[in-house]
Amino acid sequence: MIPNREPRTKRYWIALALLVLSVALGTCHNRALNKEGIDTPTSMVRGVTAPPVGVLGRVSDWFGRQGEWIFRGRRFAEENHRLEARIAELEGENAGLKEKAARYDQLREDLGFVKQAQSQMLPADILVRRIDFKFETLLLARGAKDGVKIGNVVVTRNGLVGRITEVTGSSSTVLLITDQKSGVGARVQRAESRALGVCKGNNFPTLTLTYLDNAADIRIGDEIVTSGSGGVFPGGLRIGTVLEVKPDPGSAVKTARIRPIVNFDRLEEVYIVK
């Protein structure tokens with residue numbers, strides 16, 4: 001069964017009515033503009049459509065700002081990454097220049113020290129620190145072929161390091177003054193005192209000055225140097241500074257704790273006195 005279709009004339013009437021309504025609204029709008037009056041139909045339409053249009057506009061602006069922030073943030077992140085890489089590169093170059101400058105200053109000071117020394121000084125690089133953890137020793141890159149002998153004294157420009165105890169063709173071992181088997185004749189450098197004793201190691205960062213007369217004039221801050229007694233170490237080499245004096249009322253001697261002048265953990269190069 002064929003459904004009834006709406007007559008064409010009815011559809012024409014609807015289109016005609018819409019056209020007439022549009023013309024009427026346009027005429028009212030134009031008259032209102034000419035008279036500078038209120039366009040009621042337009043105001044009604046605007047009143048209905050304005051709120052959603054405003055909301056849509058604000059939403060659009062928000063998404064626009066977020067999108068701009070995302071793209072701008074990405075550019076900032078890329079620029080920041082590039083700057084961080086450049087800073088790291090410059091810091092590496094600066095560290096290298098500082099190391100070269102420090103090395104230059106050290107060599108310059110060492111050269112002055114060697115020129116002032118009366119004995120022949122043989123520079124030696126350190127190969128290994130503390131070969132055996134039971135002993136305070138260094139392994140040097142100098143040996144018998146360089147004229148090194150057992151008993152040679154080892155120093156830096158700051159002071160006494162130790163003495164050679166073993167020698168091979170191309171290397172040698174230094175027993176540090178901090179080792180418990182080490183003993184050095186020492187004295188207080190201060191002219192008013194000149195107290196004598198023996199400076200011994202104890203496998204610790206500090207030394208012990210022993211065999212001091214109980215009446216010896218020794219004070220905190222006094223400089224301790226080698227005495228030259230015993231014939232092993234020449235006199236006048238700096239050993240360290242007095243940190244503490246320990247009297248023993250029941251004994252004829254007292255002791256003192258000494259901080260070595262040489263920082264053994266930071267040694268890079270030493271000199272062998274020949």
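**Barrel strands and S193 in a predicted model**

Student: In this predicted model, in which sense do strands β9 and β10 pair, and over how many bridges?
Tutor: β9 covers residues 223-226 and β10 covers residues 238-246. E223 stands opposite T241 in β10. V225 has R238 as its bridge partner. The pairing of β9 with β10 is antiparallel, over 3 bridges.

Student: How many residues lie between β10 and β11 in their hairpin?
Tutor: β11 spans residues 253-260 and pairs with β10 in the antiparallel sense over 6 bridges. In this pair, K246 stands opposite T255. The hairpin of β10 and β11 has between its strands 6 residues.

Student: In what order do the strands of the closed barrel run?
Tutor: The barrel has 6 strands with antiparallel pairing. Neighbouring strands of this sheet are turned against each other by 40° on average, direction ignored. The order is β6-β7-β8-β11-β10-β9.

Student: Is S193 buried or exposed?
Tutor: S193 sits in the loop between β6 (183-188) and β7 (196-201). Its relative accessibility is 18%. The cut-off for buried is under 20%. S193 therefore counts as buried.

Student: Which backbone nitrogen does the side chain of S193 reach?
Tutor: Not counting residues up to four places away in sequence, S193 touches V188 and D217. The side chain of S193 also has a polar partner, at 3.2 Å. That falls within the 3.5 Å cut-off for a polar contact. The partner is the backbone nitrogen of A195.

Definitions and conventions:
Residues are numbered from 1 along each chain as its sequence is written. This is a predicted model: local features need pLDDT of at least 70, side-chain atom pairs count only at pLDDT 80 or more; totals for chains, interfaces and linings use all residues. Side-chain values use heavy atoms; hydrogens and water are left out. Helices (H or I, at least four residues) and strands (E, at least two) are DSSP runs, numbered from the N terminus. Buried means under 20% relative accessible area, exposed over 50%, partly exposed in between (1.4 Å probe, protein chains only). A polar contact is a pair of N or O atoms within 3.5 Å; within protein, one must be able to donate a hydrogen and the other to accept it, and residues adjacent in sequence count only if both atoms are side-chain atoms. Contact means heavy atoms within 4.5 Å. Two strands pair if DSSP finds at least two bridges between them. Axes are lines fitted to C-alpha atoms, for helices over the stretch in contact, and angles run from 0 to 180 degrees between N-to-C directions.
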